[in-house]
Amino acid sequence: MTELNSGLKRDARGTGLTLRLNRRRVLASGLAAAGTLGLGSLLAACRGGPQGTEETAGGTPVATPAAPAAATPTETPRQAAGRIVVGRTGDADSLDPHHTIASISWQVFTNIYDPLVSWDANLHIEGILAKEWEISDDGLEYTFSLRDGITFHDGTEFNADAVKFTFDRILDPQTGAPAAAWITSLESTEVVGPFTIRMRLKEPFAPFLGNLCVGYFGIVSPAAVQKYGDEFGKNPVGTGPWKFKEWRTGEEIVLERKPDYKNFHSYVENKGAPLVSQLVFRNIPDEQTQIAAFETGEINVLAVPPRAVAAFERNPNVQLFRVEQSIGISFLEFHMDPPQGEYGAIFRPPFDDIRVRQAVAYGVNADEIIATVLEGLAVRNYGPLPTGVACYDPAIEQFGYHYDPQRAAQLLEEAGWILPPGNSVRRKDGQPLQVTLWTWSATTQEKVAQVIQNQLNQIGFDVKLETMEPGSLLARLGTADDTSHFDLMGWGWTEPHMLFMMTQTRAGIGLYRPEEYQKLVVEASRVVDLEERCRLYFEAMKIMLRDAAMVPLWSPVSAVGARKEVKGFKIGPQGIYVYEDATIES
Amino acid sequence: MLQYLLKRLVSAILVIFGVTLLVFTMVRLVPGDPVDIMFANQPRPTPEQRAALRRQLGLDLPIHHQYLQFLGRALQGDLGRSFRTKQPVTSEIVARLPNTVKLTVASLSVAVLFGVGAGMLAAAFKGSWIDAATMAIAILGVSLPGFWLGLMLILLFAVQFGWFPVSGAATWRHLVLPAVTLGVLTSGILARMTRSSLLEELSHDYVRTARAKGLRESAVIARHALRNALIPVVTIVGLQLGQLLSGAFIIEAVFAYPGIGLLAVNALQARDFPLIQGIVLFVAVIYVVVNLVVDLLYCLIDPRVSYA
């Protein structure tokens, strides 16, 4: 983190910065992770899940704690006592899930609200507030039976009206809910019975349920929304395991356990109320201070800055969790111009020659970067789908590019880029093979870019490095007068639909829209059967790799530390922090 | 006096005006469209959404127009709303103000205590090893980076000894380490000022007279020389108040102390332009006001000074 910090001043890990999801592209998480953390925060938002915030992208079901003890469920629920204090960089902007998309806020409110459905440990969808659901054959109607006997923190009953209220609120343009964009296919929500709700889609949209798993679709108490109005974001009321107690702006947010909570997440062993009395989110912007506060026990859960991972590993008082499955992907993308009419050759020279793009893919040694710069905090990924997202398939490796500098050199020769005697830069028609690599300023990110620069220079490129503020990078990408470049980028999402989404932005891979690829990813968004969807996505990825439209590098891995007195803390699906099995040992 | 006051007021207003202009332009020079940055939060804005937001923010107006609008509202205490929290900037600042005031007062006390004390000690033992040691420490105080000193104090007194908490602002104990850090940084310059000013006073005739009366040296210094010696020190204290405010940006971030400095750091991280703008303007106003007040206080402390 620090790393980023510098640029963005630390935001990373947890933090806050919220910037953009919109472009999820950037930053997405991915970055985050791997050290790339920089923007991590920003992106995190997108991910639905990760709690860690940015960094944590992870995805997997229950990551393995380094210390085995951590995973042990508590056998005898004792009197709830103690506090879990999570250290992070930054403060939430709003705890109204329909008014923000900042990961730093999501990290808190995802504990206050329950969604209708959620991912289980195997990335299948399970019911939380919804007991079960039925999808009509045409994929247009989703009918949910809701659980009864659940109340909001303010005593309001949870029922079909509350669900309708929530979704109407999200779709109401007045609300301006950022997350509305993820369910644009939702046409209407109607109450069928006191505990039955029907959602009607405008068109079949397979990612619908998966998107609903994200915390931004948490069900809010209608009574509280009416009572607090614009101040609801400061007085959040949901049905989740933790209810809001106090928010000292800039300092901490305190939640306390909901005593009558029933937990329906299959990955949580404790089916009742949380075992700890309070859950606190502390804003500590400085990484060193975070570590010091962790040492003294002022905070007891922390997304570990990559540079500190080794030290945490050696510390017997710390349980270190690695979130191996991630919802982020880091990759290199090439400058493209928007397709004109028929999709044609739109890569900017010299990348308009596929052999040059392939040379980049063969010329970058991602494993070396992971081992050195990223200190092992990333998983090599040969395809564009992150490791923690449904439909991720390691078999994509056989269609990916493995480090092979000879092959890269040979491809460049074939493309006419010849190494003049006594020269280290290839030339063609008198022009040197000069390319510019863009990335945003953050220590780790810049280091990664430098290593890539060096690796490519060894096969005859002359790579110039240009780093800039994340804001300017985003602003410059996709503008018409940009100089030719390629860039180190990251994306994060919780649903394989990202293979469609990431080709719909205004720059780089966002402009990759050949018909055969688009047909597959659009079709995949209409097929309800997950297996069939995955097959379609796999085919789509093969095409993207065949075209060397981007160079997938790795999925970032985050590390989370818990002090040894925190027993039972664990990492859930897609990197979410699970506090409900945790106890504090005095 | 009145004329002087008027003159100072006019120049203060000019300074603040200049600051607004500077801040306003600088924020807009930062690369990246603010709308893009705000939409960071909203996946896929439509062109209509963007246009609506631009209108709402007044970004569709010519820049001089925007500036006048900003100025007009600022005069009415309306600094706009934070991009992130959507709360009025003024209320965000006011909410954090008490913490920063507490920290400033506490660190100023530490600075005066250490600084003036050390300065007196050095002057009293001029030329001795005490003088040399005190002044060496003072130089160190001036030159230490604040975040480093803060971290060292954390490691020692929080992690090692466990006497004080690392972060936060819940109790007075949370105030100690940040106040000492800031205070020590400021005390160096006060110590040097006090020493040289006191030495100068001690060379005056009235001091010789006092000594000749048989007063003890401690009484000579404390009752006679010090009062006069402190006049320039007061000016420095006033100026340091501004320093303390800016030092607070870093120190508050190090100690996760929720004051205006931390607010600023978080605002910068989030590219929250209205908030950054508001904080800078606010700090500038404080700075100008404090300087004015210090100058006016001058005539209270030293009847010889008159602005008539």
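The exercises below, each with a worked solution, concern the aromatic pairs, charged contacts and cavities of a predicted model.

**Exercise 1. Aromatic pairs**

Classify the ring pair F167(A) and F217(A), and state which parts of chain A the pair ties together.

*Solution.* Begin with the overall count, which comes to 29 aromatic pairs over all chains. For the pair in hand, the ring centres of F167(A) and F217(A) lie 6.4 Å apart and the planes meet at 5°. Two rings pair if their centres lie within 6.5 Å, and planes under 30 degrees apart count as stacked, so F167(A) and F217(A) form a stacked pair. Next, place the two residues in the chain: F167(A) belongs to helix α5 (residues 160-171) of chain A, whereas F217(A) sits in the loop between α6 (208-212) and α7 (222-228) of chain A, so the contact ties together parts that are 50 residues apart in sequence. As for accessibility, F167(A) and F217(A) are both buried. Finally, look at the wider setting, in which ring pairs link F167(A) and F217(A) with F109(A), Y113(A), W182(A), Y216(A), F232(A) and W493(A) into a cluster.

**Exercise 2. Charges over rings**

Find which rings K234(A) and R357(A) lie over, and give the distance for each.

*Solution.* Take the lysine to start with: K234(A) lies over the face of W247(A), at 4.1 Å from the ring centre. Then turn to the arginine, R357(A), which lies over the face of F347(A) at 3.7 Å from the ring centre.

**Exercise 3. Salt bridges**

Determine how R198(A) and E141(A) are related in distance, position and exposure, and then examine the salt bridges of E246(A) and K464(A).

*Solution.* Side chains of opposite charge can pair when their charged atoms come close. The count over all chains comes to 28 salt bridges. In one of these, R198(A) pairs with E141(A), and the closest N and O atoms are 3.8 Å apart, which falls inside the cut-off of 4 Å. This pair links distant parts of the chain, with R198(A) in strand β7 (residues 196-201) and E141(A) in strand β5 (residues 141-146) of chain A, 57 residues apart. R198(A) has a relative accessible area of 23% and is partly exposed, and E141(A), at 22% relative accessibility, counts as partly exposed too.

The next step is the salt bridge between E246(A) and R248(A), where the closest N and O atoms are 3.4 Å apart. E246(A) is partly exposed at 31% relative accessibility, and R248(A) is partly exposed with a relative accessible area of 26%.

In the salt bridge of K464(A) with D462(A), the N to O distance is 3.5 Å. Here K464(A) is partly exposed, at 39%, but D462(A), at 17% relative accessibility, counts as buried. To finish, salt bridges that share partners join E246(A), R248(A), E251(A), E252(A), R282(A) and E298(A) into one network.

**Exercise 4. Cavities**

Describe the volume and lining of the largest cavity and of the second largest cavity.

*Solution.* The structure holds seven cavities of 30 Å³ or more. The largest cavity has a volume of about 330 Å³, and among its 25 lining residues T110(A), S118(A), H265(A), Y267(A) and I576(A) lie nearest its centre. Two elements of chain A, β2 (117-119) and β24 (577-578), give two or more residues to this lining. By class, the lining of the largest cavity consists of 13 nonpolar, 10 polar and two charged residues.

The second largest cavity has a volume of about 120 Å³. It is lined by 15 residues, of which R84(B), T85(B), E92(B), R96(B) and L263(B) are the closest to its centre. The elements that give two or more residues to this lining are α5 (89-124) and α11 (260-269) of chain B, and α11(B) gives the most, with three residues. The lining of the second largest cavity divides into five nonpolar, five polar and five charged residues.

Definitions and conventions:
Residues numbered from 1 in each chain as written. Chains lettered and ligands numbered in written order. Predicted model: local features only at pLDDT ≥ 70, side-chain atom pairs only at ≥ 80, totals over all residues. Heavy atoms only, no water. Phe/Tyr/Trp six-rings, centres within 6.5 Å; stacked < 30°, edge-to-face > 60°. Helix = DSSP H or I, 4+ residues; strand = E, 2+ residues; numbered from the N terminus. Buried < 20%, exposed > 50% of the residue type's maximum accessible area, 1.4 Å probe, protein only. Lys NZ or Arg CZ within 6 Å of the ring centre and 35° of its normal. 1 Å grid on protein atoms, 1.4 Å probe; cavity = no way out; pocket = protein on both sides within 12 Å on 5 of 7 lines; lining within 4 Å. Points joined across faces, edges and corners; volume = space filled by probe spheres on them. Nonpolar A, V, L, I, M, F, W, Y, C, P; charged D, E, K, R; others polar. Salt bridge = Lys/Arg side-chain N within 4 Å of Asp/Glu carboxyl O.
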